[in-house]
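Good morning, colleagues. I should like to take a few minutes to walk through one model, from its overall layout to some local details.

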Amino acid sequence: GGLISYYLARRTLQPIELAMEAQARFVSDASHELRTPLTSIQTSNDVALRNKSLTLAQAKQVIQENTQEAIKLKLLSDGLLDLTKNDKAKPKLMSVPVQAAVADAMNQVIALAQAKNISIDDVTDNINVLSDRHILSQVLVIILDNAIKYSEAGTTVHLTTSFKGGAVYIHVQDEGVGIRASDLPHLFRRFYRTDTARTAGHVQGYGLGLAIADNLIKAQDGSISA
């Protein structure tokens with residue numbers, strides 16, 4: 001009886017332990033990522049303060065660098081807040097035209113695409129899905145943003161749809177450097193970034209975008225994969 005009780009207690013506590021471990025890892029990862037821009041700001045300020053012959057031009061340079069780090073810090077904290085909200089959110093679902101959600105997303109990324117001379121080939125079908133238009137657009141922005149960031153100038157990002165088994169599939173395909181098969185299972189983990197070959201172009205990011213997209217889609221009983 002004692003052994004059975006122990007076994008049942010372990011089974012009951014295991015999900016709680018796993019959740020606590022995941023939370024501890026998340027807090028540890030978040031603390032590390034937040035510390036990086038803060039350390040950069042503190043270091044540049046300390047160096048500037050010790051420089052007794054600091055010129056106005058040098059001071060402006062320090063302020064400009066610190067402003068860039070502050071922007072990175074804001075983007076990171078916004079991403080962390082989004083993950084926290086998305087963990088609890090349950091959106092209201094209604095009939096949403098895929099083409100409308102795609103148009104919303106394209107309006108937000110078109111400047112980035114034009115800056116790299118990247119075309120977006122949108123041939124999505126006139127299909128409605130049970131979703132939240134704002135959230136679906138947000139997910140598409142994240143995916144399109146990634147596709148543009150990791151693509152060479154002058155290439156094309158392709159947007160298509162398909163319909164199978166009562167589900168609508170929205171496909172985003174770029175002509176970038178690609179991802180190793182060993183990285184694919186980890187892409188939607190918080191803070192995960194692929195090897196240096198893929199980020200050799202100094203692409204900025206903290207590995208939160210795809211994790212947020214994953215949470216948003218799952219909150220709508222959907223799925224996302226690469």
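Helices and strands here are DSSP runs, H or I of at least four residues for a helix and E of at least two for a strand, numbered from the N terminus. Please bear in mind that this is a predicted model. On that basis the protein chain holds five helices and five strands, and their order along the sequence is α-α-β-α-β-β-α-β-β-α. Of the 226 residues in the chain, 32% are buried.

Let me begin with helix α1, residues 2-50, where leucine 13 lies. Leu13 joins Ile16 and Met20 in a nonpolar surface patch, and together the three have about 290 Å² of accessible area. Why is leucine 13 called partly exposed? Its relative accessible area is 41%, and the term applies because this value falls between the 20% and 50% cut-offs.

I turn next to the strands. Strand β1, residues 94-97, pairs with β3 in the antiparallel sense, over four bridges. Within this pairing, valine 96 has valine 129 of β3 as its bridge partner. Strand β3 spans residues 128-131; Val129 and Ser131 make up its covered face, while Asn128 and Leu130 make up the uncovered one. In general, side chains in a regular strand alternate between the two faces of the sheet.

Finally, helix α3 covers residues 98-115. Its 18 residues reach 26 Å from the first C-alpha to the last, close to the 26 Å expected. The helix nevertheless has a kink of about 50°, centred on valine 109. Val109 is also one of the buried residues of α3, which include Val98, Val102, Ala105 and Met106.

Terms used: Residues are numbered from 1 along each chain as its sequence is written. This is a predicted model: local features need pLDDT of at least 70, side-chain atom pairs count only at pLDDT 80 or more; totals for chains, interfaces and linings use all residues. Side-chain values use heavy atoms; hydrogens and water are left out. Buried means under 20% relative accessible area, exposed over 50%, partly exposed in between (1.4 Å probe, protein chains only). Two strands pair if DSSP finds at least two bridges between them. Patches are made of residues with over 30% relative accessible area and no salt bridge: like charges are joined within 9 Å, nonpolar side chains (Val, Leu, Ile, Met, Phe, Trp, Tyr) within 5 Å. Accessible areas come from the Shrake-Rupley method with a 1.4 Å probe; for residues, only the protein chains shown count as cover. A salt bridge is a side-chain nitrogen of Lys or Arg within 4 Å of a carboxyl oxygen of Asp or Glu. The expected span of a helix is 1.5 Å times one less than its number of residues. The bend at a residue is the angle between axes fitted to the seven residues ending there and the seven starting there.
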